[in-house]
Structure formats: structure tokens, C-alpha cells
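User: Please take a close look at the surroundings of ligand 1. Which residues are closest to ligand 1, and which elements supply its shell?

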Amino acid sequence: MLEIKNLNKSFKQNHVLKDISFKIEKGEIGVLLGKSGAGKTTLLRCINGLEEFDNGKIIIDDKINNNSKDILTLKGKIGMVFQNFNLFPHLSVIENIIEAPVNVFKETKKEALERSRELLDIVDLKDKEDFYPYELSGGQQQRVAIARACALMPKVLCFDEPTSALDKDTIKSIVNVMKKLKSQGITILIITHDIGFANEVADKLITISKGVVECVEEVS
Ligand SMILES: Nc1ncnc2c1ncn2[C@@H]1O[C@H](COP(=O)(O)OP(=O)(O)OP(=O)(O)O)[C@@H](O)[C@H]1O
Ligand SMILES: [Mg+2]
């Protein structure tokens, strides 16, 4: 479960996020919509601790982040897939996925490899574990980035415009991956400008306009 309560964020005089509140339940997909400059990426960056915020609360299950100094309490609970995937170019697919579990979370290589292979199965890239990022298509790289984010077993997974560089068929495969993750109880928050994709995956549509939540709509 991800809940945002009265979150405010300014860059100097620019009040970018104004009293943002909404909630996405466990295993739900929430989609953030809104014009360019509305504050969507800034909100995602606040949620995953890349950006400090002025006041408000970010709650994941029973953990609360009331201000930027508490970020650590939520770290590891939130995964992020960036628009340009941010894969390590000099590491193979499987090495990209086990990097953080082994080096940051001190898992054994055997444990990390086991889960990475399960994740590669979920994202349908079982046969690509020894490939390097440059040997993969954009959609395949995107799916490696998803597997890598999931390797840290996040409760919440955030995506910033995951489909912007992908063709229709690849988007379909990403939709399937997201539905599988959701059925495993991961809460997902996605920024997109692609209304077709949004309607396909969303349980909840959250529209932000000039830093304000304009409407929250349940999708049946
Ligand atoms: N690091 C920063 N320093 C100062 N201002 C910033 C910074 N990051 C974002 N902003 C401002 O915050 C506002 C919201 O930007 P943001 O990137 O969140 O928009 P967005 O909704 O993601 O837009 P887009 O759909 O174009 O990606 C903009 O006015 C932008 O100039
Ligand atoms: Mg953005």
C-alpha cells in the first residue's frame, strides 16, 4: 500500500507539489496523468527518496516518511525504473540484476542468482541472461530494468514513462509483466502520457494539474 498525505514540495519560489494526497492499495496499479510540467516526475522522485520534500507524509504499509530525513526507513521498499533504463553497460543481464542484492544487501551470490532467474522468467528473458545491454532491444532492456528493480523485493515499484520509447507489441509485453507483478502483491505507480496504456493497466487514474490532484478515478 502506498499513501501520500498532504505532500508539498517547492523549488525556491516555485511551489511544484501542492498538498498532494492519494492512496494506492497493495496489488493495485495507479497511473499518474497530467500535462508536461505538472509535477509528476518530481512527485515520483520524492516518493523514492531522490528529492527532499517540504512537508507531508509518504506511507508504505506501516512505514511512514514524514520528511526527507526519514528516507532510510523506506529505502529498499521502493523500486524505480527510469525512462532510459540506467542499466550498467559493462555488466551482463544477470550481473545487472544481482548487482544490488549482492553488493548492497549482502545476499549470497547463489541466493541472488536464484531469484534473478525467477525474475527473468517473469519478464520473459530467460534465454538472455548472458547478453549485454547493447545486444538487447529497447523493450528487452526495459524488462531487464524491471527485473533489476524487483530483485530488491520492493513493496512499491515506480515507472516514469515506461512506454515512451516502445512500439505497440513491446508495450503489450510490458503490460503483461506489470499485471504479473501486481498479482504478486506489488503496488505499482506509473507516469504516462499514453492514455491507451493507462486504461489498459490502471486500477486508479490520478490526474495532476499544476501541482494539484485534480481527480482520482477508479477504473472498473
Ligand atoms: N531540480 C529542479 N530544480 C528546479 N525546478 C525543478 C527541478 N525539477 C523540476 N523542477 C520544476 O518542477 C516543475 C515540475 O517538473 P516535473 O519534471 O515534475 O514535471 P512532469 O509533470 O514530470 O513533466 P513531463 O510530463 O514533461 O515529464 C517544473 O516547473 C520544473 O521546472
Ligand atoms: Mg516527467
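Analyst: The shell around the ligand is described below. This is a predicted model, in which local features need pLDDT of at least 70, side-chain atom pairs count only at pLDDT 80 or more, and totals for chains, interfaces and linings use all residues. Residues are numbered from 1 along each chain as its sequence is written, chains are lettered from A and ligands numbered from 1 in the order in which they are written, and side-chain values use heavy atoms, with hydrogens and water left out.

Ligand 1 is surrounded by 13 residues, a residue being counted if one of its heavy atoms lies within 4 Å. The closest are Ser36, Gly37, Lys40, Thr41 and Thr42. By class, the shell holds 3 nonpolar, 7 polar and 3 charged residues; Ala, Val, Leu, Ile, Met, Phe, Trp, Tyr, Cys and Pro count as nonpolar, Asp, Glu, Lys and Arg as charged, and the others, Gly among them, as polar.

At least two shell residues come from each of β2 (14–24) and α1 (40–47), and α1 gives the most, with 3 residues. Helices (H or I, at least four residues) and strands (E, at least two) are DSSP runs, numbered from the N terminus.

Oxygen atoms of ligand 1 take part in polar contacts (pairs of N or O atoms within 3.5 Å). A polar side-chain atom of Thr42 is 2.6 Å from a ligand oxygen, and one of His193 is 3.0 Å from a ligand oxygen. For Ala38, a polar backbone atom lies 3.2 Å from an oxygen of ligand 1. The protein covers 59% of the 640 Å² of accessible area (Shrake-Rupley method, 1.4 Å probe) that ligand 1 has on its own.

Methods
Polar contact = N/O pair within 3.5 Å; in protein donor to acceptor, adjacent residues only side chain to side chain.
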